[in-house]
Amino acid sequence: MMMPKIKGLYAITPDWTDTEKLLHATRSLLEGGASAIQYRNKSDDVALQHAQASELIQLCHSFKVPLIINDNLRLADLTDADGLHLGAEDASIREARFILGPDKIIGISCYDRLDRAKEAEQQGAGYVAFGSFFASPTKPNAVNAPLFLLEEAKRVLHIPVVAIGGITLDNANLLVKAGADAVAVISALYESNDLHASAANFTSLFHRPDQIQ
Ligand SMILES: Cc1ncc(COP(=O)(O)OP(=O)(O)O)c(N)n1
Ligand SMILES: Cc1ncsc1CCOP(=O)(O)O
Ligand SMILES: [Mg+2]
């Protein structure tokens, strides 16, 4: 698959053990317009992770959407996933590139740090992520990032800038207006009563012309 740039709605999976439920929910998000999916499973059940990631890759590819693995370089390599997302505690870009090759998407968590993003871009990252911008139900103790960081990041970086953390349909437009190329969302999608509509509503934020204030 040709690797598209990260842009629009980037859905991240919750820690669900029910694989059918996870696939069904993710299909609804893809039908609603999600343009990238991240498999983020924090359990240590290697067999479950391998099975879920493999099924998600097939599903995503039927929509021509990339599936990115969080944290786990070995799993990304084993499943031939489209990319890997790395935080401060995870592998280095250099190691990931060496194992995965030049074509995979490598995303880097930059928290509230522009210096980290500049370095990641220089080292060949495919996108950088900042956050948490709002209180996150999934990660309540995450570092807080200010909105103006997105504007600064857009001024100096040439790779896509992703925003994460507590993003809902009520606050996402602030991030898009500040320059986010994509929003990465867990709870407001997977805990929604209508996943298809939620994904479609997030996606529409990226196609709307800027409103005059
Ligand atoms: C798109 C995106 N941005 C940030 C993160 C967070 O990564 P990290 O800091 O390594 O934390 P965990 O997600 O591993 O708990 C992410 N996963 N995706
Ligand atoms: C992985 C991560 N990193 C910062 S906040 C967060 C979780 C985002 O999940 P939610 O959309 O439920 O706030
Ligand atoms: Mg991580």
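User: Which residues does UniProt place in the feature "domain: Thiamine phosphate synthase/TenI"?
Analyst: Good place to start! The model here is a predicted one. The feature name comes from an unreviewed UniProt entry. That record places the domain at residues 9–189.

User: How far apart do the end C-alpha atoms of residues 9–189 lie?
Analyst: Let's look at the make-up of this span too: residues 9–189 are 40% helix and 20% strand. The C-alpha atoms at the two ends of the span are separated by 10 Å.

User: Are helices α1 and α2 roughly parallel or roughly antiparallel?
Analyst: Helix α1 covers residues 19–31 and helix α2 covers residues 46–62. Their axes come within 11 Å and cross at roughly 25°. Angles under 35 degrees count as roughly parallel. Therefore α1 and α2 are roughly parallel.

User: How many nonpolar residues does the contact of α1 with α2 have?
Analyst: On the α1 side, the residues are Thr19, Leu22, Leu23, Thr26, Arg27 and Leu30. They meet Ala51, Gln52, Glu55, Leu56, Leu59 and Cys60 in α2. Sorted by class, this contact has 3 polar and 2 charged residues, and the number of nonpolar ones is 7.

User: Which strands each supply at least two residues of the shell around ligand 1?
Analyst: Happily, we can start with the shell itself: 14 residues surround ligand 1. The closest are Gly87, Ser109, Ala129, Ile164 and Ala184. The strands that each give at least two residues to this shell are β5 (105–111) and β7 (161–164).

User: How many residues of the shell around ligand 1 are polar?
Analyst: Let's divide the shell by class. It has 5 nonpolar and 3 charged residues around ligand 1, and the polar ones number 6.

Technical notes
Residues are numbered from 1 along each chain as its sequence is written. Chains are lettered from A and ligands numbered from 1 in the order in which they are written. This is a predicted model: local features need pLDDT of at least 70, side-chain atom pairs count only at pLDDT 80 or more; totals for chains, interfaces and linings use all residues. Axes are lines fitted to C-alpha atoms, for helices over the stretch in contact, and angles run from 0 to 180 degrees between N-to-C directions. Helices (H or I, at least four residues) and strands (E, at least two) are DSSP runs, numbered from the N terminus. Angles under 35 degrees count as roughly parallel, over 145 as roughly antiparallel, 65 to 115 as roughly perpendicular and the rest as oblique. Two residues are in contact if their C-beta atoms, placed from the backbone, lie within 7 Å. Ala, Val, Leu, Ile, Met, Phe, Trp, Tyr, Cys and Pro count as nonpolar, Asp, Glu, Lys and Arg as charged, and the others, Gly among them, as polar. A residue is near a molecule or strand if its C-beta atom, placed from the backbone, lies within 6 Å of it. UniProt positions are given in the numbering used here, feature names are shortened, and annotations may be inferred rather than shown by experiment.
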